[in-house]
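Here is a friendly walk through the sheets, cores and one pocket of this protein. Keep the viewer open while you read.

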Amino acid sequence: MTPPVKTGSLNPLPLKERMKVPRQHMPEQSPRLRATNFAEVNLGYSTEVARREAMRCLECAKPACTIDCPVGVKVKEFVQLVVAGDFLAAAAKIREDNVLPAITGRVCPQEDHCEGGCLMGKKVQSLGIGYLERFVADYEQQHLDINNILKARPTGKKVAIVGSGPSGLTAAGDLVRKGHQVHVFEALHEIGGVLVYGIPEFRLPKQIIREQVDYMRAMGVEFETHVVVGRTVTIDELIEEEHYDAIFIGTGAGRPQFMGIPGEHLNGVYSANEFLTRINLMHAYEFPRYDEPMLDLAGKSVAVIGGGNTALDAIRSALRLGAGKAYVLYRRSEAEMLARAEEVKHAKQEGIDFQVLTAPIEFLSDGNGWLTGARCQRMELGEPDTSGRRRPVPIAGSEFDLPLSVAVIAIGTSANPIVQSTTPGLQTNKRGYIDADQSTQRTARKGVFAGGDIVTGSATVILAMGAGRRAAKSIHEYLRTGAW
Ligand SMILES: Cc1cc2nc3c(=O)[nH]c(=O)nc-3n(C[C@H](O)[C@H](O)[C@H](O)COP(=O)(O)OP(=O)(O)OC[C@H]3O[C@@H](n4cnc5c(N)ncnc54)[C@H](O)[C@@H]3O)c2cc1C
């Protein structure tokens, strides 16, 4: 075996050889097959392939992968443990900073964070950090006995977490490790937020989420579903009657937005939120085994309006439900799309028809309240708008009609107002999101913290997790010192 490149490195591959090794391919279901089922698209690395990929790491002195990760995963260290074949130690290393590795390994936009910063990516393909994280997390799920997880010594302090999305789960995991009693309240009947009701099985199997939640249960986190905070119980009641010492609000941004164009009320027009919730959470794709109805999409023309992850999840789900034609209608160009690069690639392979620079201006009816199509208009790109992306400008006279049976609106979401409207003293911005300090996640109410999409508006899993981590750190500080 070749000696390690430098003292302390576990990697047998000489540094100058590492760039020559191509990024290891992630095996996946063939596009033709997967377009007909809800099983996961990516199939995961074997131990050999994972080690080969890990050996590509350049072990940078100042690893940008960690600096660019919102939760600060020690990538270089965990990757070296993969090289050494000590996969459980690698998992433990990731877990020091990330309580949901099997999830981030699957859905994090790595190209914007760890892999975007990877030095190797400047010359060849970046290290497959997401794929390695997924491999390590899956290995841990198969081999670790969660009954042996050590619990921290109790501090006697109680923290309530409102909402069980990635921000709430991260705050819960970090706080329980400090010995605080952590109770998560969730409005829905399943734990996980968007991870369970939004992201489909073929990208993030529900079983993976359940196993990550079981791990947190084993750490000592308590979960309670069917509790709508602000209705079932208020924040003030949690503090005054149930004696919680601190609260974290991570209620997300789950309220759908609509386009405000004629015909949006027609049967056959869904919000992406409803469409995906019916499929993912209510198992409409397993009807009649599950008693959840859904329009029969077999052979039908379906379009989604939007260019983010939600839009692609909706249209790829429609394809799997038998849609004969599946369109993405997006008003800007592909370069401005917010969806993860891998999802765009996968959707194209599956045969989704991307009609970019195209926007519906009206939904058309059969006269009996049912959708028959969309009147669309072509766009060109103008100057950048406030989002920094080039503004779509309609091309006069470019209108055309697209026959459709189902249209799914995926143009964004907004804040659910229940907690804000029932919690005196909690301040919100003009869009209804909770005002919270960017570094401490403190709100205007003493002892109440907030983070994730309910503060920033729709963002990403890892950004929500970063907020959960920052909140946990300052909640711990507050519980320790009492200082506000
Ligand atoms: C379809 C879809 C696909 C996506 N794909 C990706 C992706 O691939 N990669 C990525 O990084 N990001 C993706 N995102 C974005 C990402 O999922 C979100 O940014 C992230 O989940 C936000 O986390 P959160 O904890 O702030 O809130 P959420 O995940 O929204 O969770 C909030 C939770 O709070 C609960 N809740 C709300 N109000 C109350 C209340 N009053 N009482 C109790 N509970 C309450 C909700 O039921 C929910 O479970 C996607 C989003 C969607 C919709």
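## Two sheets, two cores and a pocket

Strand β2 (residues 181–185) is joined to β3 by three bridges, and the two strands run parallel. Within this pair, F185 stands opposite E224 in β3. Do keep in mind that the model is predicted.

These strands belong to an open sheet of five strands with parallel pairing, in the order β3-β2-β1-β4-β16. At its edges are β3 (222–224) and β16 (448–450), each of which pairs on one side only. On average, neighbouring strands of this sheet are turned by 20 degrees against each other, direction ignored.

Another open sheet of five strands, again with parallel pairing, has the order β6-β14-β7-β8-β9. Its edge strands, each pairing on one side only, are β6 (269–271) and β9 (353–356). Here too, the average turn between neighbouring strands is 20 degrees, direction ignored. Inside the sheet, strand β7 (residues 301–305) runs parallel to strand β14 (residues 406–409), and four bridges join them. A303 is the residue opposite A407 in β14.

Helices pack on both sheets, and the table lists their contacts and angles.

| Helix | Strands touched or crossed | Angle (about) |
|---|---|---|
| α10 (residues 166–176) | β1 (158–162), β2, β3, β4 (246–249) | 165 degrees to β1 |
| α19 | β1, β4, β16 | 170 degrees with β4 |
| α14 (residues 272–280) | β6, β14 | 85 degrees with β6 |
| α15 (residues 309–320) | β7, β8 (325–330), β9, β14 | 170 degrees to β7 |

Next, the nonpolar interior. In soluble globular proteins, nonpolar side chains tend to be buried together. The largest nonpolar core here has 75 residues, and those touching the most other members are F78, V82, I103, L132 and I161. Helix α19 (residues 461–481) supplies the largest share of this core, eight residues. Leaving aside residues up to four places away in sequence, I103 touches C108, L195, L204, I208, I209, Q212 and V461. There is also a second, separate core of 33 residues, with V304, A314, Y330 and A410 among them.

Finally, a look at open space. How much space lies in the second largest pocket? The value is about 400 Å³. The pocket is lined by 17 residues, and the closest to its centre are R23, E115, Y131, E342 and K345. Two elements, α8 (114–117) and α16 (341–350), give two or more residues to this lining. Of the elements, α16 gives the most, with four residues.

Terms used: Residues are numbered from 1 along each chain as its sequence is written. This is a predicted model: local features need pLDDT of at least 70, side-chain atom pairs count only at pLDDT 80 or more; totals for chains, interfaces and linings use all residues. Side-chain values use heavy atoms; hydrogens and water are left out. Two strands pair if DSSP finds at least two bridges between them. Axes are lines fitted to C-alpha atoms, for helices over the stretch in contact, and angles run from 0 to 180 degrees between N-to-C directions. Contact means heavy atoms within 4.5 Å. A nonpolar core is a set of buried Ala, Val, Leu, Ile, Met, Phe, Trp, Tyr and Cys residues joined through side-chain atoms within 4.5 Å. Buried means under 20% relative accessible area, exposed over 50%, partly exposed in between (1.4 Å probe, protein chains only). On a 1 Å grid over the protein atoms alone, a cavity is a set of points where a 1.4 Å probe fits but cannot get out, and a pocket is an open set with protein on both sides within 12 Å along at least five of seven lines; lining residues have an atom within 4 Å of a point. Grid points are joined across faces, edges and corners, and a volume is the space filled by probe spheres set on the points.
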